[in-house]
Amino acid sequence: MFLLSILLNVLFLIAGIFAIQKMGGIQHLIYKIQNRGLAGTYMHRINLFEVLPEKDSSIVFLGDSITAQCEWSEMFDNSNIINRGIPGDATDGVLKRLSNILKNNPQKIFLMIGVNDLFFHDLPHIIENYRKIVTRINNESPQTKLFIQSVLPINNNVKETTLDNKTIIDLNNELQNIASINDLTYIDLYSLFIDENKNLNASY
């Protein structure tokens, strides 16, 4: 009976590990727990974007919470700018909602995405998704001018994360390479936000 109990516990443990791996691994699970309130926000933003009036030839700011948390049209005094940022989004999410963005033939897209991916995906996965995003924009809306923005630095002294700036620099180098290969404009915001210690300036 004792051995049977141990065997069942081992089987449950193996099943649990397998389930966690299917969901993206332990880092993905930790990220989901820490950001469990984002699911409702994500769906709210998706539903909102679907009912907003269609606007041709707009300038789209596309990304995660860094994009979502600013009124870009007011910041640049341009009513043609629309915000399509969603807190917690990643490259997989952008790919899933790209059709809804491209159907209105945007004039420009300013893309900043990828930092959330780093919590649960390796660089090859993120870069492959970026290539898919670029390809789809070129194929589905060839007149759209795409601007790839760098991922911003972090500062673990202000807010501790499992990320490091070396990984972000590696990602940004890959993004710059994608932009160069596809004759796109790469915007290096990373360098503008670092302090003397090469971390995100604490004032931000």
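This is a walk through the structure, one selection at a time.

Before you click on anything, keep in mind that you are looking at a predicted model.

**Stop 1: the sheet**

Start by showing strands only. You should see an open sheet of 5 strands, paired in parallel and ordered β2-β1-β3-β4-β5. The edges are β2 (81-85) and β5 (185-187), each of which pairs on one side only. If you look along the sheet, neighbouring strands are turned by 20° against each other on average, ignoring direction.

**Stop 2: strand β1**

Now select residues 59-63, which make up β1. How many of its residues are buried? The count is 5 of 5, so β1 is mostly covered. Turn on side chains and you can sort them by direction: I59, F61 and G63 point one way, while V60 and L62 point the other way, and all are buried.

Next, look at the partners of β1. On the β2 side, 5 bridges join the two strands, which run parallel. With β3 (108-112), β1 also pairs in the parallel sense, again over 5 bridges. For a residue-level check, pick G63 and find its bridge partner in β2, G85.

**Stop 3: F61 and its rings**

Stay in β1 and centre on F61. This residue is buried, with a relative accessible area of 9%. In β2 it stands opposite N83, and in β3 its bridge partner is F110.

Now colour the aromatics. A search of the whole structure turns up 6 aromatic pairs. One of them joins F61 and F76: the pair is tilted, at 6.0 Å centre to centre with 45° between the planes. F61 belongs to strand β1 and F76 to the loop between α5 (72-75) and β2, so this pair ties together parts that are 15 residues apart in sequence. Which residues make up the aromatic cluster around here? Select F61, W72, F76, F110 and F147, which form one cluster.

**Stop 4: a ring pair after β5**

Jump to the segment after β5 and select F193 and Y204. Their ring centres are 4.8 Å apart and their planes are at 55°, so this pair counts as tilted too. Both residues lie in that segment, so the pair ties together parts that are 11 residues apart in sequence. Switch on a surface to compare the two partners: F193 is partly exposed, with a relative accessible area of 23%, whereas Y204 is exposed at 60%.

**Stop 5: C70**

Go back to N83, the residue opposite F61, and bring up C70 alongside it. C70 lies in the loop between α4 (65-68) and α5. Is C70 buried or exposed? It is buried, with a relative accessible area of 15%. Leaving aside neighbours within four places in sequence, C70 is in contact with M75 and N83. Draw a C-alpha distance from C70 to N83 and you get 8.2 Å, for two residues 13 apart along the chain.

**Stop 6: helices α6 and α7**

Bring the helices back. Helix α6 lies across β1, β2 and β3, running at about 170° to β1. Now add its neighbour: α6 (residues 91-102) packs against α7 (residues 123-140) at an angle of about 5°, with the axes 10 Å apart. The two helices are therefore roughly parallel to each other.

To see what fills the contact, show side chains. From α6, select T91, D92, V94, L95, L98, S99 and L102; from α7, select H125, I126, N129, Y130, K132, I133, R136, I137 and E140. Colour that set by class and you will find 8 nonpolar, 4 polar and 4 charged residues.

**Stop 7: two loops**

Follow the chain out of α6 into the loop that leads to β3, and pick N104. N104 is buried, with a relative accessible area of 12%. What does N104 contact, leaving aside its neighbours within four places in sequence? The answer is E54, K55, D56 and S57.

Finish in the loop between α7 and β4 (145-149), where you will find P142. P142 is exposed, at 58% relative accessible area. Draw one last C-alpha distance, from P142 to Q107: these residues are 35 apart along the chain, and the separation is 9.9 Å.

Note on methods. Residues numbered from 1 in each chain as written. Predicted model: local features only at pLDDT ≥ 70, side-chain atom pairs only at ≥ 80, totals over all residues. Heavy atoms only, no water. Axes fitted to C-alpha atoms, helices over the stretch in contact; angles between N-to-C directions. Helix = DSSP H or I, 4+ residues; strand = E, 2+ residues; numbered from the N terminus. Parallel < 35°, antiparallel > 145°, perpendicular 65-115°, else oblique. Contact = heavy atoms within 4.5 Å. Nonpolar A, V, L, I, M, F, W, Y, C, P; charged D, E, K, R; others polar. Pairing = 2+ DSSP bridges. Phe/Tyr/Trp six-rings, centres within 6.5 Å; stacked < 30°, edge-to-face > 60°. Buried < 20%, exposed > 50% of the residue type's maximum accessible area, 1.4 Å probe, protein only.
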